[in-house]
Amino acid sequence: MSSTLITRIGTLVTNDPALGDGPLGLIEDAALVLDGGTVAWAGRAADAPDADERHDAGGRAVIPGFVDSHSHLVFAGDRTAEFNARMSGRAYSAGGIRTTVAATRAATDEELEANLTHYLDEALRQGTTTFETKSGYGLTVADEARALRIAARHTEEVTYLGAHIVSPDFAEDPAAYVELVTGEMLDACAPHARWVDVFCEKGAFDGDQARAVLTAGMAKGLVPRVHANQLTYGPGVQLAVELDAASADHCTHLTQADVDALASGSTVATLLPGAEFSTRAEWPDARRLLDAGVTVALSTDCNPGSSFTSSVPFCIALAVRDMGMTPDEAVWSATAGGAAALRRTDIGRLSPGARADLAVLDAPSHVHLAYRPGVPLVREVWRRGTRAV
Ligand SMILES: [Zn+2]
């Protein structure tokens, strides 16, 4: 394995406070040495050791690759008509998630995988080097298991979400569907997944059902994460903290007791502003969570219904503009925060020993991610020490 020196970095975000200024561990006029797929050294360019190869960043900023800890990318079809109706002020009654379930069931394995890799490439070009993704558009034993098998070919961070909605096949008997999700479907899916998730929400699964889904998954060795408090107040966040879930995702409608619970536990609050943007909903209050000491992650929630963006930079801009985050906090949450939501310490930072996953921005500072919204600032992406974009 050869080593590479990336030098003349304008601003380097290490996310290691021991290496530089503030929580982001910022270093100006910096350099990085990559040894194979790992960061070997980070510091001032003037102090950098030699390496086999040399790469000139030309004064640009370098940040850790984004860790997108919440997406739904195994699906077929799209929901353009639904979005168009919603944004045109018309009621849209047909379908929702069921439209995607029907299209996903009808797709071949090859079609699903081609769609997944299409959106992964799109995300990579925008700086995402690690992503989590879920099942949840099959809702049968065979369709959920195949979604996870396909996802597992592309990421270690695979989540079983048989409890996305009650399958339309069980509309008259939700209890029987929960039994399937916690029984035969779980048995078929657990070998392909790391995480178990549930949409705990009015119209999806209530607190008792969510608890049944999560504890059954935990008994099979899966680690819980929860779609919690997106559309309404509810029990999801406090259930997530009680079960020591890695993450409570959405967190849009929180009581003070919910905030206190998050602050007292190790569950990360993952905010997904693409969903609020795409549904014209109320923003989650990131400031309130941060001020309470909660660890916050930012992710895309990329899915064809409620947040069809794969762009973490877009989510950073929204979080800064509308959710009370500073640019530094938003960049931290989209990198180190995402890693925390996946309980990973090898990614989301650029300090010695970390995976050499990084993005070079066409800007001198990471602040430009919020300052220049909608502009494609990601110029290069390196994954495991190799330039991928
Ligand atoms: Zn989601």
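Mentor: Before we start, a residue is called buried if 20 or more other C-beta atoms lie within 10 Å of its own, exposed if 12 or fewer do, and partly exposed in between, with the C-beta atoms placed from the backbone. This is a predicted model, in which local features need pLDDT of at least 70, side-chain atom pairs count only at pLDDT 80 or more, and totals for chains, interfaces and linings use all residues. Residues are numbered from 1 along each chain as its sequence is written.

Trainee: How many of the six residues of S9 are buried?

Mentor: Helices (H or I, at least four residues) and strands (E, at least two) are DSSP runs numbered from the N terminus, and strand S9 takes in residues 158–163. This strand is mostly covered, and the number of its six residues that are buried is six.

Trainee: In which order do the seven strands of the open sheet run?

Mentor: Strands of a sheet pair through backbone hydrogen bonds, either parallel or antiparallel. Here two strands pair if DSSP finds at least two bridges between them, and the pairing in this open sheet is parallel. Strand S8 (133–134) and S14 are the edge strands, each pairing on one side only. The order is S8-S9-S10-S11-S12-S13-S14.

Trainee: Which residue of S9 is the bridge partner of Lys134?

Mentor: S8 and S9 pair in the parallel sense over two bridges. In one of them Thr133 stands opposite Val158, while the partner of Lys134 in S9 is Thr159.

Trainee: Is the crossover from S8 through H4 to S9 right-handed or left-handed?

Mentor: A crossover is right-handed if, with the strands pointing away from the viewer, the path from the first strand over the helix to the second runs clockwise. The chain leaves S8, passes through H4 and arrives at S9, and this β-α-β crossover is right-handed.

Trainee: Which residue in S10 stands opposite Tyr160?

Mentor: S9 and strand S10 (residues 195–200) pair in the parallel sense over three bridges. Opposite Tyr160, in S10, stands Val196.

Trainee: Which residues does the UniProt annotation "binding site" cover?

Mentor: UniProt positions are given in the numbering used here, feature names are shortened, and annotations may be inferred rather than shown by experiment. According to the unreviewed UniProt entry, the "binding site" covers His70, His72, His227 and Asp301. Although these are spread over 232 residues of sequence, they cluster in space, with a largest C-alpha distance of 12.1 Å.

Trainee: Is His70 buried or exposed?

Mentor: His70 is found in the loop between strand S6 (66–68) and helix H1 (80–87). Leaving aside neighbours within four places in sequence, its contacts (C-beta atoms, placed from the backbone, within 7 Å) include Glu132, Asp249 and Asp301. Because His70 has 32 C-beta neighbours inside 10 Å, it counts as buried.

Trainee: Where does Asp301 lie?

Mentor: Asp301 has 27 other C-beta atoms within 10 Å and is therefore buried. Leaving aside neighbours within four places in sequence, Asp301 is in contact with residues including His70, Ser71 and Ser307. Asp301 lies in the loop between strand S14 (296–298) and helix H12 (312–322).

Trainee: Which residues of H3 are buried?

Mentor: Helix H3 occupies residues 109–125. What covers its buried residues includes S6, helix H2 (97–106), strand S7 (128–131), helix H4 (141–152) and strand S16 (378–383). Those buried residues are Leu112, Asn115, Leu116, Tyr119, Leu120, Ala123 and Leu124.

Definitions and conventions. Two residues are in contact if their C-beta atoms, placed from the backbone, lie within 7 Å. The expected span of a helix is 1.5 Å times one less than its number of residues.
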